[in-house]
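Visitor: I would like a close look at a single helix of this chain, and then at the parts that surround it in the fold. Please take me through it slowly.

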Amino acid sequence: SANNAHMLFQDKSSSKQVLLDKYLKYKDSVLFGTSSFWEGIDLPDDKLEILVIIKVPFSNPYNPIVQAKIDTYTAKQLDPFMDYQLSEAILKLKQGIGRLIRQQNDMGICILADPRILKKRYGEAILDSLPANYIQYKHSSTILYETEKFLGTYTYK
């Protein structure tokens with residue numbers, strides 16, 4: 001149950017390896033980290049069952065390197081958002097989901113909680129690019145119920 005879960009948080013002083021070791025040590029652990037955390041980690045054999053992505057991982061447009069790339073696309077009369085930022089965010093999403101599904105027989109749940117996916121024009125491109133089928137739910141209670149059902153942890157109340 002969630003009451004017995006070990007909550008682990010990425011912060012500036014935490015070693016990625018120490019957090020992963022603790023995550024793997026405790027059966028009911030929950031690990032909170034930024035998108036940079038999932039890059040380069042490997043959790044095979046259903047060590048990761050649920051991945052929650054709060055926001056589509058768009059690069060910060062105020063980062064000087066990102067701004068320079070945006071300027072380059074604009075100078076070439078290309079759409080920097082559609083041609084660069086969106087495709088980069090889709091790649092990052094696929095990498096994140098790739099941490100969940102490592103092999104053919106792996107299963108898991110990825111919850112994309114960013115409402116922009118359903119409201120913005122680019123949302124369909126994101127959903128169509130994902131390496132898995134998706135189901136849209138409007139209520140968090142439905143997500144919780146379907147997750148428990150999927151994991152086999154649902155108990156009738």
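**A close look at helix α3**

Guide: In this predicted model, helix α3 takes in residues 64-75, and because each of its 12 residues should add 1.5 Å, the expected span is 16 Å, which agrees with the 16 Å that separates its end C-alpha atoms. At the N-terminal end of α3 there is a cap, supplied by asparagine 63, which places a side-chain oxygen 2.7 Å from the backbone nitrogen of isoleucine 65. Beyond the other end of the element, α3 is followed by glutamine 77, a residue with a positive phi, near 60 degrees.

To place this helix in the whole, the chain has seven helices and four strands, and when these are read along the sequence they follow the pattern β-α-β-α-β-α-α-β-α-α-α. The C-alpha atoms of the chain fill a box of roughly 55 × 35 × 30 Å, where the directions are those of the principal axes.

The pattern starts with strand β1 (residues 6-9), which pairs with strand β2 (residues 29-32) in the parallel sense, over four bridges, and within this pairing histidine 6 stands opposite serine 29 of β2. Helix α1 (residues 16-25) joins with β1 and β2 to make a β-α-β unit, and the unit is right-handed.

Elsewhere in the chain, the second largest pocket holds about 1,000 Å³ of space, and the elements that give two or more residues to its lining are α4 (80-100), β4 (109-112), α5 (116-119) and α7 (140-151). In total 30 residues line this pocket, and those nearest its centre are Cys110, Ile111, Asn133, Tyr134 and Ile135. By character, the lining of the second largest pocket divides into 21 nonpolar residues, five polar ones and four charged ones.

Methods. Residues are numbered from 1 along each chain as its sequence is written. This is a predicted model: local features need pLDDT of at least 70, side-chain atom pairs count only at pLDDT 80 or more; totals for chains, interfaces and linings use all residues. Side-chain values use heavy atoms; hydrogens and water are left out. On a 1 Å grid over the protein atoms alone, a cavity is a set of points where a 1.4 Å probe fits but cannot get out, and a pocket is an open set with protein on both sides within 12 Å along at least five of seven lines; lining residues have an atom within 4 Å of a point. Grid points are joined across faces, edges and corners, and a volume is the space filled by probe spheres set on the points. Ala, Val, Leu, Ile, Met, Phe, Trp, Tyr, Cys and Pro count as nonpolar, Asp, Glu, Lys and Arg as charged, and the others, Gly among them, as polar. Two strands pair if DSSP finds at least two bridges between them. A crossover is right-handed if, with the strands pointing away from the viewer, the path from the first strand over the helix to the second runs clockwise. The expected span of a helix is 1.5 Å times one less than its number of residues. A polar contact is a pair of N or O atoms within 3.5 Å; within protein, one must be able to donate a hydrogen and the other to accept it, and residues adjacent in sequence count only if both atoms are side-chain atoms.
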